[in-house]
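Biologist: Can you take me through this fold step by step? I have the sequence and the model open.

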Amino acid sequence: MEKRTNREVLEQFVELPGKTIIDVGCGDGSLVRLLTRRGAHVTGIEASPKQLALARAAETVGDERYIQGHAEELPADSRSADIVIFLNSLHHVDVDD
């Protein structure tokens, strides 16, 4: 069996064009930009000022945006996204939260 990346699996199983997506723990924004290139409207949420600065410094590919915030209190209205992604970030959320 061929090993695939998380991104490849995500692209295969999630209909992206036109979807509103929140990427929690977006890091440098690479997944946000990939999803935006695939036709999604993506907001990256990042707690780390260093990572957020990297994401914001990268050249935009569409209408993506980046906001500082935490998974426990997402800076987004309820039901404002079709999909919320925690790719390699959920382990940072305290179990009690």
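Modeller: We will go through the sheet, the crossovers and then the charged pair.

Modeller: This is a predicted model, where local features need pLDDT of at least 70, side-chain atom pairs count only at pLDDT 80 or more, and totals for chains, interfaces and linings use all residues. Residues are numbered from 1 along each chain as its sequence is written, and side-chain values use heavy atoms, with hydrogens and water left out.

Biologist: In what order do the strands sit in the sheet?

Modeller: The open sheet has four strands in the order E3-E2-E1-E4, with parallel pairing. Helices (H or I, at least four residues) and strands (E, at least two) are DSSP runs, numbered from the N terminus. Two strands pair if DSSP finds at least two bridges between them.

Biologist: Which strands stand at the edges?

Modeller: E3 and E4 (83-85) do; each has a single partner strand, so one side of each lacks a neighbour in the sheet. From one strand to the next, the twist averages 20°.

Biologist: What holds strands together in general?

Modeller: Strands of a sheet pair through backbone hydrogen bonds, either parallel or antiparallel.

Biologist: How many bridges are there between E1 and E2?

Modeller: Five bridges join E1 (residues 20-24) to E2; in one of them, Val-24 has Ile-45 of E2 as its partner. E2 is joined to E3 (residues 65-68) by four bridges, and Gly-44 stands opposite Tyr-66 in E3. E1 and E4 share three bridges, with Ile-21 partnered by Ile-83.

Biologist: And E2, is that mostly covered or exposed?

Modeller: Mostly covered: five of the six residues in E2 (residues 41-46) are buried. Buried means under 20% relative accessible area, exposed over 50%, and partly exposed in between (1.4 Å probe, protein chains only).

Biologist: Which way does the crossover from E2 to E3 turn?

Modeller: E2, helix H3 (residues 49-57) and E3 make a right-handed β-α-β unit. Right-handed means that, with the strands pointing away from the viewer, the path from the first strand over the helix to the second runs clockwise.

Biologist: New topic. Which residue forms a salt bridge with Arg-38?

Modeller: Glu-11 does, and the closest N and O atoms are 2.4 Å apart. The pair links distant parts of the chain, 27 residues apart: Arg-38 lies in the loop between H2 and E2, Glu-11 in helix H1 (residues 6-13). A salt bridge here is a side-chain nitrogen of Lys or Arg within 4 Å of a carboxyl oxygen of Asp or Glu, and the count comes to one.

Biologist: How accessible is Arg-38?

Modeller: Arg-38 is partly exposed, at 38% relative accessibility. Glu-11 is also partly exposed, at 26%.

Conventions:
Axes fitted to C-alpha atoms, helices over the stretch in contact; angles between N-to-C directions.
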